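Me: Hi! I have a structure open and would like to talk it through with you. Here it comes.

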Amino acid sequence: MARPATFPEIWRSRGIVLRLAQAELRNRYSGSALGVLWALIQPAMVMAVFWFVFSYGLRVTSPEGEPAFVARLLVGLAAWFCFSEAVSNGAHAVTGSAYLVKKVAFPLELLPLAPVIAAVMVHLGVLACLVAGLALGGSWGGWRLLHLPLYLAAVSLLAAGFAYWLAALQVFQRDVAQTATLLLQIWFWMTPIVWSFAMFPPEVATVLGWNPMAYVVDGYRYALLPEVAAPPALHHALSFWLTACLLFASGVAMFRRLRADFADVL
Amino acid sequence: MSDAPAIRLEGVSKKYRLFASPGQRLREALDPWRRSFHEDFWALHDISLEVPRGRTLGVLGLNGSGKSTLLQIIADVMEPTTGTVEVKGRVAALLELGAGFNRDLSGRENVITNSRILGLTHREALERLDAVQEFAEIGRFFDQPVKTYSSGMFTRLAFAMAICVDPDVLIIDEALSVGDTRFREKCYRRLKSLQEGGCTVLFVTHDRGSITQLCDDAILLHQGRLVAQGSPREVSGLYTELLTTGRLPDDAAAVSVPTPAPAQAAPDADAGGDPVAAFLADPSPEDRLARHPLYNANEARFGHGGAVVLDALLVLDGVANPAAIPSGAVLDIHLRLRFDAAMDPILGVSLHNEQGVLLYGVNNAYLSQELRPAVPGEVRCLSLRAPLPLAPGPVFIELAVASERHRVCDQRSRVLALEILRGGMFLGLADLGFTMQEATSPP
């Protein structure tokens, strides 16, 4: 669709986004014997490797004592995988769908949402396994689990914001997705997933705490691990939601400004 | 007819911005001072057009004339730079030989996704799957990834999908030029029934025959402007002229065209009123075939000399050198030859189609027509009568003179080109003129 889509049009097309998200998943694993199971096997394997390296190789223990380092690591990894997958696939949302941009009238605003939704669908599977695993290990979050949707929404919104920005820019400059993948790796190590704030002097920890993904990871831990005492601090929560909303709004605005040229360039 | 037009364009222009690199485009889009980093290219100028509901409009034009841009704008894939576009109802578009197919997904999944995008519910999409599969006739490939398809299969599936979603407006951009004749005829039949059901169709093709057969109206685009609008026959006549001469008659700038003769007189023949008499009376020994309006610059010429094919005049219903003739018409061909040696000449004429298939070839010996011996320096005219019940498409004429010992003097292959327009419906290369009736049972 050449002009910006109106909200009713986007709403009417919501079913298509789900289809595109499903198609993206099915397409990624088409031809493999295990199919979509790979979407779970891959994060599980990476988690196992991290677990082995840090718990048995480097013998890292949690400075906070309980909960165990392993539980903190796995929960953090799960949240991060969802984010990084949504962002890195989101960068290709428009360029990978040239067939839709150029051939059919379609509300293009929906395109960046498909990879985000696909990542969240996988993430729900990972979470289900994780919650079951934690429960078997004697760590059942109970009512705390009801906080999970909030943090799931948080990670989705943040990822969608990035997806809009990157998908639009990627059309014109193909280096964008490569750069994003690189920055994501740096960001991973900046986020308290394999380490924790307690390992740093307080001044450093304060600075690192403003990382929006730190809020997400801490939130996941609060929701899933009963031993974690407190949810993320209020000022971190406020700054996260402000950042995420601004990023999303500016990403959508940017996308709508550039979209008229998509069909010309692709 | 009906109340409101299905498609209405008013003052539509499209400017492409040409950038040195995609990065420049981004820089311009985001430049805080709105500086410009591009050059303009106007693909469409001020197009105003109305297509009433249920009508079929043929769009003709040379490559680069703006046809595809126009269709993309009507299909709402591209935004016009200026002007307004109104299209009523569900639009199914086959733009540039394709549909919005994801190459990695199967035909089945693509059809479902595209049907949903075109506004069907999931259930409706599933209900129509069988019809699409049946029409496309691509067998087991329906469940294979689209990237494994041949271009013919791709088009079949795209076309089958487009017509099975009950579009109000159907846009076909050259999609039917791929695919075999049998499928094409099937598509034409289906198009007819869609037309009867009130579907508005926009149709781009280079097959002028199907324009005249399928369309109610036609337009001609040239360099981004709408230069003619009228009956398919008139407009395709103009188009043919544009194709062969590279320019339009001066009065064609007017939107409505006068009844055009799809013809142009031979350069020297229009002086004396009757072109045939003038041609036959012309004693010039000069080789003028290269200036013939139907001359094909890619002719293949071969020969040992002794005789030269100088010029030709093709006449249909009093019109000299028509670039397009309806299938089944009878063409008069007049040839002027020069002989540089004494011989018992053999004159041959043959026709090839675009693929180089010999459609028909004959010479005076086959026709048991003895030609009188030639003397050196003689310029002589010969006439043939040629019924052409051929399949629509380009036809190339070969002219050849040989001496009595079958030594080729001058053989000019593909020297003239003309277009056969669709007459009656048939398959194959030539209309053999079968007839059919109900058999009456014996008493």
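Me: How many residues of domain 1 of chain B are in contact with domain 2 of chain B, and how many on the other side?

Reply: Happy to help! This is a predicted model. In it, 6 residues of domain 1 of chain B touch 7 residues of domain 2 of chain B.

Me: And where do those domains run in chain B?

Reply: The domain assignment puts domain 1 at 5-253 and domain 2 at 275-421. Their C-alpha centres are 40 Å apart.

Me: How much area do domain 1 and domain 2 of chain B bury between them?

Reply: About 510 Å², with 62% of it on carbon and sulfur atoms. On the domain 1 side, the elements giving two or more residues are helix H7 (208-214) and helix H8 (232-245) of chain B.

Me: How many salt bridges does the rule find across that interface?

Reply: The rule finds 0 salt bridges there. For polar contact it also comes up with 0 residue pairs, counting pairs with both residues at pLDDT 80 or more.

Me: OK, switching to the open sheet of 3 strands. What order does it have?

Reply: The order is E2-E1-E4 in chain B, with antiparallel pairing. Strands E2 (39-52) and E4 (82-87) of chain B are the edges, each pairing on one side only. From one strand to the next, the twist averages 20°.

Me: Over how many bridges do E1 and E4 of chain B pair?

Reply: Over 5 bridges, with E1 covering residues 5-18. For example, Glu10(B) has Thr84(B) in E4(B) as its bridge partner.

Me: Which helix lies across those strands?

Reply: That's helix H2 (residues 67-74) of chain B, which lies across E1, E2 and E4 and runs at about 120° to E1(B).

Definitions and conventions: Residues numbered from 1 in each chain as written. Chains lettered and ligands numbered in written order. Predicted model: local features only at pLDDT ≥ 70, side-chain atom pairs only at ≥ 80, totals over all residues. Heavy atoms only, no water. Pairing = 2+ DSSP bridges. Helix = DSSP H or I, 4+ residues; strand = E, 2+ residues; numbered from the N terminus. Axes fitted to C-alpha atoms, helices over the stretch in contact; angles between N-to-C directions. Contact = heavy atoms within 4.5 Å. Domains from an automatic or database assignment. Buried area = accessible area lost by both parts, 1.4 Å probe. Salt bridge = Lys/Arg side-chain N within 4 Å of Asp/Glu carboxyl O. Polar contact = N/O pair within 3.5 Å; in protein donor to acceptor, adjacent residues only side chain to side chain.
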